[in-house]
Amino acid sequence: MQNSQYEQEYKKKVIDFFDSRTSYDNNYTIDRALPLLDLVQLQKGQKVLDMATGTGIIAIAVAQIVGSEGKVTGVDFSSGMLTQAQQKIEELGLQNIEFIEADAEYIDFNDESFDVILCSTSIVYFKDIPAALRKWYRFLKPGGILGFSCCSEESCGAPLIIEICEKHGISLTSINEPTGSPDKCHDLLTEAGFKNIEVKTKQLGFYHNLEQAREWNGGWFHPRENPLLQVSSEQMAELKADYRQKIEAEATEEGAWYEFLSFFVTGQKA
């Protein structure tokens with residue numbers, strides 16, 4: 001499939017961003033990933049696919065549950081993330097897990113290859129989420145389970161950036177918009193053919209140190225459009241100044257609140 005120039009450049013930025021995160025695993029990244037497994041009743045011997053596996057936080061936990069008779073395949077396009085994942089499985093001596101460096105949005109597998117497919121926090125980076133869900137439905141065995149996590153449209157600092165840009169005549173759409181509510185998640189899975197759909201919510205927000213929170217680097221991830229790429233350096237400086245001012249005005253003694261309302265979503269193939 002031929003990708004547009006924008007998509008190629010966007011995905012390179014995503015890869016560069018994750019490649020740069022050389023110490024990705026911490027309490028926060030682990031705590032926002034593992035609740036997904038509470039909703040999926042994994043069994044010994046199952047075959048599991050972990051899309052956009054990153055450093056393998058989910059994949060490694062799954063491999064330890066499904067055991068030596070099971071098999072876990074993790075897919076990611078960040079070689080930096082996969083290097084960290086590979087180091088972890090070697091330290092743990094796990095033999096039932098394989099990592100593939102590839103674009104999770106476009107990789108293909110045979111129909112009915114997996115009992116469970118998981119995607120932790122990364123589905124919003126995909127250009128075409130409905131198409132990805134339809135493919136994952138096809139990859140699952142009958143009765144197989146899909147589980148993914150995402151966050152609300154109001155999370156990850158997006159509303160403030162959108163508000164600041166709107167005042168300067170720049171219209172942005174949050175990357176979290178397609179999956180930004182429980183109803184949207186439910187509808188996406190229904191349209192892809194899934195049944196027995198559940199959406200659990202969990203607040204994982206925290207207070208940022210004000211010194212860190214007020215510094216926005218001007219970055220904006222979106223798989224389909226990014227008007228900030230056309231902004232002059234002078235206008236970007238104005239946007240950053242307005243952002244800093246707004247953060248400082250809204251901060252409390254505890255710091256600047258970083259909203260992260262997570263949705264943990266599961267569905268079953270008919």
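1. Leu 229 is partly exposed, with a relative accessible area of 39%; the class covers values between buried (under 20%) and exposed (over 50%), with a 1.4 Å probe and protein chains only. Leu 229 sits in the loop between helix 9 (210–213) and helix 10 (233–250). Helices are DSSP runs of H or I with at least four residues, strands are runs of E with at least two, and both are numbered from the N terminus. Outside the neighbours within four places in sequence, Leu 229 is in contact with Tyr 6 and Lys 13, where contact means heavy atoms within 4.5 Å. Leu 229 and Tyr 106 are 123 residues apart in sequence, and their C-alpha atoms are 25 Å apart in space.

2. On the basis of the model: this is a predicted model, in which local features need pLDDT of at least 70 and side-chain atom pairs count only at pLDDT 80 or more, while totals for chains, interfaces and linings use all residues. Residues are numbered from 1 along each chain as its sequence is written, and side-chain values use heavy atoms, with hydrogens and water left out.

3. On the overall fold: the chain has ten helices and nine strands. Its radius of gyration is 19 Å, close to the 18 Å given by the globule rule for 270 residues, so the chain is as compact as a globular protein of that length. The radius is taken over C-alpha atoms, and the rule is 2.2 Å times the number of residues to the power 0.38. Along the principal axes, the C-alpha atoms fill a box of roughly 55 × 40 × 35 Å. Of the contacts between residues at least 6 apart in sequence, 81% join residues at least 24 apart.

4. On surface and charge: 48% of the 270 residues are buried. The accessible surface comes to about 13100 Å², and carbon and sulfur atoms account for 47% of that area. Areas come from the Shrake-Rupley method with a 1.4 Å probe; for residues, only the protein chains shown count as cover. The chain carries 25 positive and 41 negative charges, whose mean positions are 4 Å apart. Lys and Arg count as positive and Asp and Glu as negative, with His and the chain ends not counted; each charge is placed at NZ of Lys, CZ of Arg, CG of Asp or CD of Glu.

5. On the interior: the largest nonpolar core has 61 residues, and Met 51, Leu 133, Trp 136 and Phe 148 have the most contacts inside it. Such a core is a set of buried Ala, Val, Leu, Ile, Met, Phe, Trp, Tyr and Cys residues joined through side-chain atoms within 4.5 Å. Helix 4 (residues 57–66) supplies the largest share of this core, eight residues. Apart from this core lies another, of 17 residues, among them Ile 161, Ile 170, Met 236 and Leu 239. In soluble globular proteins, nonpolar side chains tend to be buried together.

6. Met 51 deserves a separate entry. Not counting residues up to four places away in sequence, Met 51 touches ten residues' worth of listed partners, including Val 75, Ala 104, Ile 107, Phe 109, Trp 136 and Phe 139.7. Thr 73, in strand 2 (residues 71–76), counts as buried at 6% relative accessibility. Leaving aside neighbours within four places in sequence, the contacts of Thr 73 are Val 48, Leu 49, Asp 50, Glu 98, Ile 100, Phe 109 and Phe 114. The C-alpha atoms of Thr 73 and Leu 42 are separated by 15 Å, with these positions 31 residues apart along the chain given as their spacing.

8. Phe 260 lies in the loop between strand 8 (256–258) and strand 9 (261–268) and is buried, at 6% relative accessibility. Beyond four places in sequence, Phe 260 touches residues including Tyr 28, Arg 32, Cys 151, Lys 202 and Gly 205. Phe 260 and Ser 152 are 108 residues apart along the chain, and their C-alpha atoms are separated by 7.2 Å.

9. Pro 35 belongs to helix 3 (residues 35–38) and counts as buried at 12% relative accessibility. Not counting residues up to four places away in sequence, Pro 35 touches Ile 30, Lys 202 and Phe 264. The C-alpha atoms of Pro 35 and Ser 149 are separated by 9.1 Å, although the two are 114 residues apart along the chain.

10. Two backbone angles are worth checking. Most residues other than glycine have a negative phi, and most peptide bonds are trans. Glu 112 is not a glycine, yet has a positive phi of about 55°; it lies in the loop between strand 3 (97–101) and strand 4 (114–120) and is partly exposed, with a relative accessible area of 45%. Asn 196, also not a glycine, has a positive phi of about 50° and is placed in strand 6 (residues 195–203).
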